[in-house]
Each structure stands twice: as C-alpha cells, then as structure tokens.
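This report describes selected features of one protein structure, in an order set by topic. Please consult the sequence and the model while reading.

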Amino acid sequence: MSKVTVCDHPLIQHKLGVIRNKDCGTKDFRTIVSEIAGLMCYEATRDLKLEDVEIETPITKMTAKQLSGRKMAVVPILRAGLGMVEGMLTMIPAAKVGHIGLYRDPKTLEPVEYYCKLPADCGQREVFVVDPMLATGGSACAALSMLKKHGCKHIRLLDIIAAPEGIARVQREHPDVDIYVCSVDEKLNDHGYIIPGLGDAGDRIFGTK
C-alpha cells in the first residue's frame, strides 16, 4: 500500500493556517500555496539518489554530490494544480512540466478528462503530480491512470489538504503511488468538499468566485 507522509514542518503548518482563513486574499493565497509546494518538495524528494562528482572549489579539488538517476517532471492537475508548479520548479528547476486537465461532474462527482499534454520522455522521469486538494480522490486516480497509460512508473502525489476518503481511494486504486500531504482533514461534506478544508482552491488561486 502506498505510504502517506504528512509534511508537518512548523513553517508549512503556519502557512496552511493562513490560507485556510476565509479572509486570505487572492494574491496572498496564490503566493503561499506556491511557498507550501516548495517546502513540500523538500520532503517529497528526500530519497532521491545522489552520486559523487569531482569539482574544484576556489580553494581546492573535492568530491561533491549531485542528483543521479531519473530526471523529474511536475504534472499539475488543472486548474488548481497550476498554483503549486512554480514552488516545485524553484526547488527542481530542471524538471519538465506536463498538464492534465480534469473537471469534476457536479452530479456524479467523477472526473471528466479534457486535456493531457506530457513530456515525450515522461515514462523515464520521476513524476510529481500536484493538486492542492485531495477530496474524493476521483481526479487524482484518473490522472494517475492517465500517467500510467503513458508509461510512467515512478509517480508521487502531492496534495496540500486531503480527506480520508480521497487517501483511501488512491491507496486502493494506486497502491504503488506514495502520497504527500500537509493535513489529513476530517471528512467530505455532501457536495464533496473537504471539511474544514479551505474552500475551492482553484477559485481562491485565480480569484474566480
């Protein structure tokens, strides 16, 4: 079963409290979501492999470390996932970026695909799927299935806030994908929103209400 890592660093938890507040404006919300994504990236890349490389400092030659193995890709689930991309790229600037477009049917709460554009070599990369909210898990599971159809085998899912129902669904349908979150909230309401959550992340990032 996939591992769930709760990123509980004090800076993350403080910033999470700020964006949960209904009085947090669009500019601050967008900025802080990006900052949280960057901090989450530290945790999600903790086990990346390193290799030795010979370099020369201004003083002397030495053996330093550099990343080895697979290259990386960041894949946001549109549209809210876009708010996490810049923060991720601040930490891993050489990563390529793909996009998966899904919207949730308001009646069935199931995802409907409308866009998918991935790096040609995505199957050979370490893929970080980003979306601020993991609610029912429908969009996340659909995105993960799409990535696997494109040959991706090494995938991690990063969500700022998750509901237990969403985590359970991802673990059931994609037990090979590890999940990174900042908070596991109480539950979903009848409309599929996370309680206490922070509302519609896409609307709050882009100022569309």
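Pro196 is placed in the loop between strand 13 (194-195) and helix 6. The model discussed here is a predicted one. A cis peptide bond links Ile195 to Pro196, with omega at about 0°. A second cis peptide bond is found between Leu78 and Arg79, where omega is about 5°. Arg79 belongs to the loop between strand 4 and helix 3 (82-91).

**Pockets**

The two largest pockets are set side by side below.

| Pocket | Volume | Nonpolar, polar and charged lining residues |
|---|---|---|
| Largest pocket | about 680 Å³ | 16 nonpolar, eight polar, six charged |
| Second largest pocket | about 320 Å³ | seven nonpolar, two polar, seven charged |

The volume of the largest pocket is about 680 Å³. Its lining is made up of 30 residues, and those closest to the centre are Ala80, Arg104, Asp131, Ser139 and Asp200. Two or more lining residues come from each of strand 4 (72-78), strand 6 (99-104), strand 9 (133-134), helix 4 and helix 6 (201-206).

The second largest pocket holds about 320 Å³ of space. Sixteen residues line this pocket, and Ser68, Gly69, Arg70, Lys71 and Met72 are the closest to its centre.

**Helices 4 and 5**

Helix 4, which contributes to the lining of the largest pocket, covers residues 138-149 and has twelve residues. From first C-alpha to last, helix 4 reaches 17 Å, close to the 16 Å expected at 1.5 Å a residue. The buried residues in helix 4 include Gly138, Ala140, Cys141 and Ala142; Ala143, Leu144, Met146 and Leu147 are buried as well. After helix 4 comes Gly151, with a positive phi near 90°.

In helix 5 (residues 164-173), the buried residues are Gly166, Ile167, Arg169, Val170 and Gln171. These buried residues pack against helix 4 and against four strands: strand 1 (4-6), strand 9, strand 10 (155-162) and strand 11 (178-184). Helix 4 and strand 9 thus appear both in this packing and in the lining of the largest pocket.

**Lys15 and its contacts**

Lys15 is part of helix 1 (residues 10-20). Leaving aside residues up to four places away in sequence, Lys15 touches Ile32, Glu35, Ile36 and Leu39. Between the C-alpha atoms of Lys15 and Phe29 the distance is 9.5 Å, with 14 residues separating the two in sequence.

**Cysteines**

How many disulfides does a search of the whole structure find? The search finds zero. Cys24 cannot be paired because its sulfur is 15 Å from the closest cysteine sulfur, in Cys182, which is too far for a bond. Cys24 is also buried, at a relative accessible area of 11%. Cys122 takes part in no disulfide either, although the sulfur of Cys152, the nearest cysteine sulfur, is 3.6 Å away. A disulfide requires the two sulfur atoms to be within 2.5 Å. Cys122 counts as buried, with a relative accessibility of 2%.

Definitions and conventions. Residues are numbered from 1 along each chain as its sequence is written. This is a predicted model: local features need pLDDT of at least 70, side-chain atom pairs count only at pLDDT 80 or more; totals for chains, interfaces and linings use all residues. Side-chain values use heavy atoms; hydrogens and water are left out. The expected span of a helix is 1.5 Å times one less than its number of residues. Buried means under 20% relative accessible area, exposed over 50%, partly exposed in between (1.4 Å probe, protein chains only). Contact means heavy atoms within 4.5 Å. On a 1 Å grid over the protein atoms alone, a cavity is a set of points where a 1.4 Å probe fits but cannot get out, and a pocket is an open set with protein on both sides within 12 Å along at least five of seven lines; lining residues have an atom within 4 Å of a point. Grid points are joined across faces, edges and corners, and a volume is the space filled by probe spheres set on the points. Ala, Val, Leu, Ile, Met, Phe, Trp, Tyr, Cys and Pro count as nonpolar, Asp, Glu, Lys and Arg as charged, and the others, Gly among them, as polar.
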